[in-house]
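Hi everyone, thanks for making time for this. Let me put the sequence and the structure up on the screen, and then we can walk through a few parts together.

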Amino acid sequence: LLFSQDDPTLERHFKGHRDTITSVDFNCNMKQIATGSMDSCIMIWNLKPQMRAYRFVGHKDAVTSVQFSPSGHLVASASRDKTVRLWVPSVKGESTVFRAHTGTVRSVNFSSDGQSLVTASDDKTIKVWTVHRQKFLFSLSQHINWVRCAKFSPDGRLIVSASDDRTVKIWDKNSRECIYSFCEHGGYVNYADFHPSGTCIAAGSTDNTVKVWDIRTNKLLQHYQVHSAVVNSLSFHPSGNYLITASNDSTLKILDLVEGRLLYTLHGHQGPATCVAFSRTGDYFASGGSDEQVMVWRTNFDSADYGEVLRSQQKATSMEPRGSTSHVPTQVKLTDIIFFALNVQIINVCFKSVSTVSVLEQRLTLTENRLKDCIDNQREISFRLRCSTDPESTASH
């Protein structure tokens, strides 16, 4: 069997939970991983060799969600006991607790500035809180079934929520209004999150699919039917070029968003893969499952030349047959490729000079104009071809 050096590799695995892992997150300092479990405990796994893990006990029922604050100095946890706790991720494991909802709290998420928390619950509401003193700010309540997940956009202005009412909703944090509801999923929506650019969202559902929408146009960009069971969790790579998903079919799938296709299928967990998350830099990702295992993987493929990755796919044993890749309309793929390519260029040069960014913006405008011209030309050519092959059509004109 041949493996490429650019394939993801399993680096470490941790065992300490006594029930299904429900949530996983990396500390920004890359020294710790936090996990929550149905066993009601939070574990802080130290990535340095020979350092012991910390087990935090406090919740009186299953822990459904965990997340490090952007600074890494706090860990937030949500639970079936209807509370949220904020922990200091050190050996003492000190925490503060507040009753957040009247039903199970399904998710908790920090804003990028670390000042706010958003929670989602089986009481059908989303609530926003201050991190300091955990002051309640406001509630969002248009879902008509359990809310499984709520996340802030990268700029903190929007909130995305996923619900058992089969909708994904976008909310304006300032006006506190629902801007748009996406209703395309045929099952409960388990998870949703924002693309790092803030312009797109992705969601995974019990209908076994993953969908990606552009929230500027409210159009479905991509639709993936790559799993054979419920999709439980997903995470965008920080570059925005890849999306990883975890499913009850026991696999993790890495999707190439630029090409609109499946890149890797990873078999690690025995039983459902319940959660997955990229590290802040994207060099690693971690997954958890009903097998009580936490797995830490090295990404590898993101640091390689992109063309090399595509060429290595023929050799990689973890690849799926071509028949299982998703198909994206040509126009969407073209604009996506331009968007992602320029996004990468801007990331690479933004620290060098502001003037370079303005040049890139000018190039983006030029590229968009050329793309419009190209599409117009294609339409004109296809119309002429139709006319030349259809005498009646020609006569009517």
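Before I point at anything, one term: two strands pair if DSSP finds at least two bridges between them. The strands themselves, like helices, are DSSP runs numbered from the N terminus, with E and at least two residues for a strand, and H or I and at least four residues for a helix. Please keep in mind that this is a predicted model, where local features need pLDDT of at least 70 and side-chain atom pairs count only at pLDDT 80 or more, while totals for chains, interfaces and linings use all residues. Residues are numbered from 1 along each chain as its sequence is written, and side-chain values use heavy atoms, with hydrogens and water left out.

Let's start with a sheet. Four strands, in the order β14-β15-β16-β17, make an open sheet with antiparallel pairing. At its edges stand β14, residues 147–152, and β17, residues 177–182, and each of these pairs on one side only. From one strand to the next, the twist averages 20 degrees. A word on how such angles are taken: axes are lines fitted to C-alpha atoms, for helices over the stretch in contact, and angles run from 0 to 180 degrees between N-to-C directions. Looking at one pair in this sheet, β14 is joined to β15, residues 158–163, by 5 bridges in the antiparallel sense. If you want a spot to click on, F152 stands opposite I159 in β15.

Next, please look at β12, residues 126–130. How many of its residues are buried? The count is 5 of 5, so the strand is mostly covered, where buried means under 20% relative accessible area, exposed means over 50%, and partly exposed is in between, using a 1.4 Å probe and protein chains only. I126, V128 and T130 point one way from β12, K127 and W129 point the other way, and all are buried.

This strand has partners that we can go through in turn. With β11, residues 116–121, β12 pairs in the antiparallel sense over 5 bridges, and V118 has V128 as its bridge partner in β12. The hairpin of β11 and β12 has 4 residues between the strands, and in that hairpin K124 takes a positive phi near 75 degrees. With β13, residues 136–140, β12 runs antiparallel and is joined by 4 bridges. There, I126 has L140 as its bridge partner in β13. The hairpin of β12 and β13 has 5 residues between the strands, and R133 takes a positive phi near 65 degrees.

Now for some charges. We call it a salt bridge when a side-chain nitrogen of Lys or Arg is within 4 Å of a carboxyl oxygen of Asp or Glu. By that rule the count is 7 salt bridges, and I'll show you some of them. Take R298 and E11, whose side chains meet at 3.5 Å, N to O. This pair links distant parts of the chain: R298 sits in β28, residues 293–298, and E11 in β1, residues 9–15, and they are 287 residues apart. R298 counts as partly exposed at 32% relative accessibility, and E11 is partly exposed too, at 38%.

Another salt bridge joins D61 and R80, with the closest N and O atoms 3.5 Å apart. D61 lies in the loop between β5 (54–57) and β6 (63–68), and R80 in the loop between β7 (75–79) and β8 (83–87), so the pair ties together parts that are 19 residues apart in sequence. D61 is partly exposed at 27%, and R80 is partly exposed at 35%.

Then there is D214 with R216, at 2.9 Å, N to O. Are these two buried or exposed? D214 counts as buried at 8%, whereas R216 is exposed at 54%.

One more sheet before we finish. Here β22-β23-β24-β25 is the order of 4 strands in an open, antiparallel sheet. The edges are β22 (231–236) and β25 (261–267), each with a single partner strand, so one side of each has no neighbour in the sheet. Inside this sheet, β22 pairs with β23, residues 242–247, over 5 antiparallel bridges, and S235 has I244 as its bridge partner in β23.
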